[in-house]
Amino acid sequence: MTTLLKIQNLKKQFGGLTAVNDVSFSVAEGETVALLGPNGSGKTTVINMISGAFAPTSGRIVLAGENIAGLAPNRIAHKGIARTFQLVRILPSLSVAENVMAALAFRPNHLWGTEARDRAEHLLLEVGLGGRGHEHANDLTYIDQKRMELARALAAEPRLLLLDEWLSGLNPTELGVGIDLITSLGQRGMTILLVEHIMEAVRALCSRAVVMNVGTKIADGPTADVLADPAVIVAYLGDGHA
Amino acid sequence: MLSTLITGLVLGGTYALVAMGLTLQYGISRIMNLAYGETLIFAAFAAFLLFTTFGINPILGLVIILPVAFAVGYVIYGVMMQPLVTRSKKSGTLEVDSILATFGLLFVIQGVMLVAFGSNYTSYNYLNVGINVLGANIAANRLLAFALAVIIGATLFYVLTRTRWGTTIRAIAVNPNAAPLVGIDVNRTARFAFALGTMLAASGGVMISMYQTFNASMGVVFTMKALVIVIMGGLGNLMGALVAGLLLGVVETLVATYVDPGLTLAATYLIFLAVLLWKPAGLFGKAAGR
Amino acid sequence: MTRTILGFALVALGLAALAWLPTQVGAYGVGLLLGMTGYVVLASAWALFSGPTRYVSLATVAFFGIGAYTVAVLSETLPYWAVLLVAAGIGLAVALVVGLATLRLAGVYFVIFTFGLAELIRQLVTWYEVNVTGTLGRYIFLPISPEQIYWQLLALAALTIGIGWLIARSRLGLALKVIGDDETVAAHTGIDISGVKLALFAVSATIITLVGAIQAPRWTYVEPSIVFNPTISFLTLIMALLGGANRLWGPALGAIPLFLLFEWLSANFPSHYSIILGLMFIAIVFVVPRGVLAGVEDLWKRLRRKGEAA
């Protein structure tokens, strides 16, 4: 397996606070990797640095051999990284189809006009929103907004997909649907890095997991091993449970 | 050279005071006030009227003008800005709305002054005698203006850094959203800060009337200079405004003396451009001096 | 589709009628038409950039003045069309410099910068004329009649509104909507936000420069304080706001009545002109903040909803 994403000694400081300290890990082509850790451990900060929302204080983020650390988010998007947001972000004044077309229209080999419309409809079908492109994005239910956001990320045809707690807030039935959806993406060879709190989903989806605590990496390996690691259990549940 | 430097510092003192008022209005009240310079010129005319008609010297004039300016600022905020602030809680358009509304205000005040005083340059003679400072000859009125700027500026600084009320104000500048959580009435403080800013503009106007000619359509230039100083010092940063104001006064005087008086504004803008390109958060960073 | 064709036919018909109008109204009428069309272009061009981005540009007269002054300087050395091209080029270059310096930053920096830009350029030109060329004030002797100026402005108006129409249907238009909704999403879907803003600002500023250049022959005598008159920025802004800066026809709709009103005001109340202007400005911000067109649309929607409910 070739390495797609390589994070090296990544560090981020906000003023005096070190949110991410010397984190290194890599993601191979076609792999689905979980980035785990309790609240405030720096996972989302890592995702934000990979996607370009923040520039790292130091360290390298290498995508397919190219260091992309510190590039503007639109440049990074063009390098082939797409993401969803922890709190779903829709474009409220646009229709569902237009939300997806926005990503189609500004990717490197952009689509426009009927081509874009057809492709958007196809992507919406894929995430379970077939035939609902004309609806207002604002009128969608929470799960459907999440689906739309995923379709928008997929529209970019990314080499690496970043999912920031995409499954959170779903009811058990929706969760099953969501897991199936991500599984099918993985089976098609998509490389995915996901931040998730729902362990059931992590076990089902990810062959490997990286765990962070207070800004540093504390474990990295096959999911089952990592979740059984005493250090990880302490980080999640506190000393009393180890 | 030395006399140029001192003249520059004296001018910069007024600038710094004026810019501190603007930074109070923007940093705490969140109002970008484009009519700021008009307020200043209005106070200059008031000082002129008091001096020429009633024979009241500008120092006593300050005692009359400053409370009036504070009251006027208080009323303007209540009548014009408060509704915009309330409205923007939903739409998030305070910045644009305040710019547009104060732009309108600019023309109203300027129009009133044009009707009342015409468009000619005005000045009066007060303490226009040379005084020797370190071998440089400086007009007494300029020195007095500088002394006043130092007194007013120092009082303001003391109030903002040493009193409970000052802490309140600075808390809002740092985090307007968290301020209500610790029991701060943001609206009342914003109104107070706006009025205080108006008062500082007026004090600057009185000082300028003491040593410089002025006319009804000059306000815009002062607003611009104050804005440039505020940005150089970092938005909402009082200490930054002070240093940047002094700096601008010196640069202007140097350019006027050694290059060409017609290019002072160009010099101001050149500095502005450099700051925007190189350090948009201001010369002293964001957190400095608060 | 048929509706679009019908719309185009109507616009073409309207343009033909407007182009024919000068033969009917006499010299004073042509002067009014010319001034009005000038402001229609200025307001529409202003809104092209400031409408969707909400960056309040106070630099209109800076570009207008650049256009006019370029004509004054070059009208005797270059053919007319070349002068227009040079003027547009200078306007574009200045817009790019200003845009690159300010559009990466928060909107307030842009406002402040444009606020003084006209004054800066006016002082620089004055300084240059006095110190380098030794002349302040220039004459423009170009054999261009008011009718011809009017026709050029009319063509520019059609072009400007046409550009607005095209942008709304282009990727640039979609980019603007996305940026308006959520800048973070815009950046992460690959939109170059400052690039989009810069492009729009450049287009808008170039058109405004051309208005100044085309109108310059009207003056015969030009000096910096005439062509860099800040009232022009102010009027443009208020017209676009009144009609609605986010609507294709909004600025034009605001420009026509306000232009006539201001003509009447400056003839009858010259000394109270600026007070009345300022008060109107404040009134617009308070009463119709999104423009008359948007206000009417809201009202229409509410009425229809009421009708459906009944």
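This is a short tour of a predicted model, with selections to make in chains A, B and C.

**Stop 1: chain B on its own**

Select chain B and colour by secondary structure. Chain B holds 10 helices and two strands. Trace chain B from its N terminus: the order is α-α-α-α-β-β-α-α-α-α-α-α. The two strands therefore follow one another, after four helices and ahead of six.

Now view the whole of chain B. Along the principal axes, its C-alpha atoms fill a box of roughly 55 × 45 × 35 Å. Is the radius of gyration what a compact globule would have? Chain B has 18 Å, which agrees with the value near 19 Å for a compact globule of 290 residues.

Colour chain B by burial next. Of its 290 residues, 52% count as buried. Then display contacts between residues of chain B at least 6 apart in sequence. Of these contacts, 78% join residues at least 24 apart.

**Stop 2: the sheet in chain A**

Hide chain B and select the strands of chain A. Four of them form an open sheet, in the order 2-1-4-5, with antiparallel pairing. Which strands stand at the edges? Pick strand 2 (17–28) and strand 5 (66–67) of chain A. Each has a single partner strand, so one side of each is left without a neighbour in the sheet.

Zoom in on strand 1 of chain A, residues 3–14. Eight bridges join this strand to strand 2 of chain A, and the two run antiparallel. For one facing pair, select A:Gln13 and A:Thr18. A:Gln13 stands opposite A:Thr18, which lies in strand 2 of chain A.

**Stop 3: where chain A meets chain C**

Show chains A and C together. Here 19 residues of chain A are in contact with 15 residues of chain C. On the chain A side, select helix 2 (73–79) and helix 3 (96–105). Each supplies at least two residues of the side that touches chain C. Helix 2 of chain A gives the most, with four residues. Colour this side of chain A by residue class: 11 residues are nonpolar, four polar and four charged.

**Stop 4: where chain C meets chain B**

Bring chain B back and hide chain A. Now 31 residues of chain C are in contact with 34 residues of chain B. On chain C, select helix 4 (80–102), helix 5 (107–133) and helix 13 (273–287). These are the elements that give two or more residues to the side of chain C that touches chain B. Which helix of chain C has the largest share? Helix 5 of chain C does, with 14 residues. By class, this side of chain C divides into 19 nonpolar, 10 polar and two charged residues.

Technical notes
Residues are numbered from 1 along each chain as its sequence is written. Chains are lettered from A and ligands numbered from 1 in the order in which they are written. This is a predicted model: local features need pLDDT of at least 70, side-chain atom pairs count only at pLDDT 80 or more; totals for chains, interfaces and linings use all residues. The radius of gyration is taken over C-alpha atoms; the globule rule is 2.2 Å times the number of residues to the power 0.38. A residue is buried if 20 or more other C-beta atoms lie within 10 Å of its own, exposed if 12 or fewer, and partly exposed in between; C-beta atoms are placed from the backbone. Two residues are in contact if their C-beta atoms, placed from the backbone, lie within 7 Å. Two strands pair if DSSP finds at least two bridges between them. Ala, Val, Leu, Ile, Met, Phe, Trp, Tyr, Cys and Pro count as nonpolar, Asp, Glu, Lys and Arg as charged, and the others, Gly among them, as polar.
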